[in-house]
Amino acid sequence: MRRQIASDSFRLTMFALIVLALCGYALPWIVVPSGSMTLNGHDLAEWASLVPTQRATSPPLLAPLLLRLQPLVLSLLLGSAAVGRRRMAMSAAAICLLAAAQMPPFEFVYDINNLNYRQQFGLAALSLIGGWCLIHRKSRRLSLMAVLFIAAAGLATSAFGLSMALGLYGAFELDAIAGAGIWVVGLSYAGLIASALREILSSRSTRL
């Protein structure tokens, strides 16, 4: 009984941190004094995709890719957190919404070779497929390990993506600093990592 309560508390904590990370993605990631170039995670990825030098990175559009990975990471975390019919249904709906939000504009149909559109479409498809696959996983241990590694990947890619974006701002001589959004996202990922680690260690001690 006590173990069940602890597990339910862990799931609720996970969902709360995922929602917090989504809010953080919508908050400013980069702040400039003028305000016109203060952008959230999504808009920052769109702006970075327009910088010509990003076409020459390996892989192409690396900065937008790292920034756009966050909705994919959150979709996978939603799938990993879903236990029980109600939460599975809620996670499935949220994953579908996140995938739809990542889709490129309708012009993609007529410009399928556009690298920017293809990147958006690929990430949207991965969010949908990966999230749904994790919803239907069976192993609780697999779920905990997935949360641990996915959140760690989110923390690393968000930090590296912001670093690259700050470099692009510097190239345009824009005096920019990290905004509140990246801190909220980073702390959310850190909380998910800590929660997953604690749950894994608790499970091992219970078995012993």
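In the predicted model, residue Q102 belongs to helix α4. Its relative accessible area is 10%, so Q102 is classed as buried, the limit for that class being under 20%. When residues up to four places away in sequence are disregarded, Q102 touches R68, P71, L72, S75, Q120, L123, A124 and S127. Of these partners, R68, P71, L72 and S75 also appear on the α3 side of the contact between α3 and α4.

Helix α4 spans residues 85–102, and its axis comes within 9 Å of that of α3, with a crossing angle of roughly 165°. Angles over 145 degrees count as roughly antiparallel, and α3 is therefore roughly antiparallel to α4. The crossing of these two helices is left-handed. On the α3 side, the contact is made by R68, P71, L72, L74, S75, L78 and G79, while α4 supplies S91, A94, I95, L98 and Q102. By residue class, the contact of α3 with α4 comprises seven nonpolar, four polar and one charged residue.

Residue S75, a member of helix α3, takes part in this contact. The relative accessibility of S75 is 0%, so this residue counts as buried. Apart from neighbours within four places in sequence, S75 is in contact with I95, L98, Q102, S127 and G131. The contact between S75 and Q102 is thus found in the lists of both residues, and I95, L98 and Q102 are among the α4 residues that face α3 in the helix pair.

Helix α3 (residues 62–81) also packs against helix α2 (residues 41–49), at an angle of about 165° and with the axes 8 Å apart. Because this angle exceeds the limit of 145 degrees, α2 and α3 are roughly antiparallel to each other. Their crossing is left-handed. The residues that make the contact are G41, L44, A45, E46, A48 and S49 of α2, together with A63, P64, L67 and R68 of α3. Six of the residues in the contact of α2 with α3 are nonpolar, two are polar and two are charged. R68 of α3 is listed both in the contact with α2 and in the contact with α4.

Within helix α2 lies A45, which is buried because its relative accessible area is 1%. With neighbours within four places in sequence left aside, A45 is in contact with P64, L67 and R68. A45 and A63 are 18 residues apart along the chain, and their C-alpha atoms are separated by 7.1 Å. Both A45 and A63 are included in the contact of α2 with α3.

Aromatic side chains were examined as ring pairs. Such a pair is described by the distance of the ring centres and the angle of the planes. With centres required to lie within 6.5 Å, the count comes to six aromatic pairs. One pair is formed by Y25 and W29, whose ring centres are 5.8 Å apart and whose planes stand at 90°, so the arrangement is edge-to-face. Y25 is buried because its relative accessibility is 10%, and W29, at 0% relative accessibility, likewise counts as buried. In addition, W47, Y169 and F172 form one aromatic cluster.

Conventions: Residues are numbered from 1 along each chain as its sequence is written. This is a predicted model: local features need pLDDT of at least 70, side-chain atom pairs count only at pLDDT 80 or more; totals for chains, interfaces and linings use all residues. Side-chain values use heavy atoms; hydrogens and water are left out. Rings of Phe, Tyr and Trp (its six-membered ring) pair if their centres lie within 6.5 Å; planes under 30 degrees apart count as stacked, over 60 as edge-to-face and the rest as tilted. Buried means under 20% relative accessible area, exposed over 50%, partly exposed in between (1.4 Å probe, protein chains only). Axes are lines fitted to C-alpha atoms, for helices over the stretch in contact, and angles run from 0 to 180 degrees between N-to-C directions. Helices (H or I, at least four residues) and strands (E, at least two) are DSSP runs, numbered from the N terminus. Angles under 35 degrees count as roughly parallel, over 145 as roughly antiparallel, 65 to 115 as roughly perpendicular and the rest as oblique. A crossing is left-handed if the near helix is turned anticlockwise from the far one by less than a right angle, and right-handed if clockwise. Contact means heavy atoms within 4.5 Å. Ala, Val, Leu, Ile, Met, Phe, Trp, Tyr, Cys and Pro count as nonpolar, Asp, Glu, Lys and Arg as charged, and the others, Gly among them, as polar.
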